[in-house]
Amino acid sequence: MYATRIPKTVPVLFPEFLWTGSPEDRALHLTFDDGPHPEWTPRILDMLAEAEQKATFFCVGENIERHPAVFDRIRAEGHSWGNHTMRHESGWNISQYAYLKSFLDCEALTQSGLFRPPYGRIKRSQARSIGARSKIVMWDLLTGDFDTRRSPEQCLKATLRHLQPGAIAVMHDSQKASGRTMGLLQGVLQQMQSQGWRSEALAMPGAKAGIEGEFPH
Ligand SMILES: [Zn+2]
């Protein structure tokens, strides 16, 4: 279930998460998960700079530690960034403590107040704790660039059917997705230019103080 808009019932079940932007202002929101990556993130940043578009990067803490200069470049070029856990854990197969610790460790690096759960998998109890401190950002357009069985053309065709102002689209700055992401992004940027659409970075509420000690140990 991707390269499609998510079913309308899903946001109704989880109204506390951010699923979509506002269609009124002609802006959409390109987002990139799983970086920073030393090769693909700079190439994506180059393409965004060339097209004069802004995006949001949900970064894995360990990757920020490995590639701090790439993370600095994201921040220096007017994009937003968010927390994607320290080690890209799924919330479904991890203890509450370990998941929240991973959130906190990454939050210490990102300090943005935006969080996206890896795989979109988060338990209600985890969402309650994290949502009190961070905006939980999901998506309404999954491009499918992570699926190695698909071609960039397939991803692009399906994505363009659903791309529109207000969309929050997920792509990846990762090695695994790169075979599709770069061609996909190029096509998306061309479509945006021809339609006069822009991508805006998601607003960052900023980190809230006092987070330590409030989670159960
Ligand atoms: Zn991810």
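Are Asp34 and His88 buried or exposed? In this predicted model, Asp34 is buried, and so is His88. Both residues serve the metal site. The zinc ion is coordinated by Asp34 through OD, and by His84 and His88 through NE2. The coordination distances run from 2.0 to 2.1 Å. Along the sequence, the donors follow the pattern D-x49-H-x3-H. Asp34 sits in the loop between strand 1 (27–33) and helix 2 (40–51). His88 belongs to the loop between strand 3 (80–83) and helix 5 (96–110). The pair therefore ties together parts that are 54 residues apart in sequence.

Arg116 was examined next. This residue is placed in the loop between strand 4 (114–115) and helix 6 (124–131). Arg116 counts as buried, because its relative accessibility is 0%, against a cut-off of under 20%. Its side chain has polar partners. One is the side chain of Thr31, joined to that of Arg116 by a polar contact of 2.8 Å. Another is the backbone oxygen of Met138, which the Arg116 side chain reaches at 2.7 Å. With neighbours within four places in sequence left aside, the contacts of Arg116 include Thr31, Asp33, Phe58 and Asn83. Val137, Met138, Trp139 and Ile168 are also among them. The list further includes His84, a donor to the zinc ion. Val170 is another contact of Arg116.

Val170 also appears in the surroundings of Thr143. The side chain of Thr143 reaches the backbone oxygen of Val170 at 2.8 Å. A polar atom of the Thr143 side chain also lies 3.4 Å from the backbone nitrogen of Asp145. Thr143 itself is found in the loop between strand 6 (141–142) and helix 7 (152–162). Its relative accessible area is 0%, so Thr143 is buried.

The cysteines were considered last. A search of the whole structure finds zero disulfides. Why does Cys106 form no bond with Cys59? The Cys59 sulfur is the closest cysteine sulfur to that of Cys106, but the separation is 7.4 Å, too far for a bond. The cut-off for a disulfide is 2.5 Å. Cys106 is buried, with a relative accessible area of 0%. Cys155 is likewise buried, at a relative accessible area of 0%.

Technical notes
Residues numbered from 1 in each chain as written. Predicted model: local features only at pLDDT ≥ 70, side-chain atom pairs only at ≥ 80, totals over all residues. Heavy atoms only, no water. Buried < 20%, exposed > 50% of the residue type's maximum accessible area, 1.4 Å probe, protein only. Donors = N, O, S within 2.8 Å, 3.2 Å for Na, K, Ca; no water. Helix = DSSP H or I, 4+ residues; strand = E, 2+ residues; numbered from the N terminus. Polar contact = N/O pair within 3.5 Å; in protein donor to acceptor, adjacent residues only side chain to side chain. Contact = heavy atoms within 4.5 Å.
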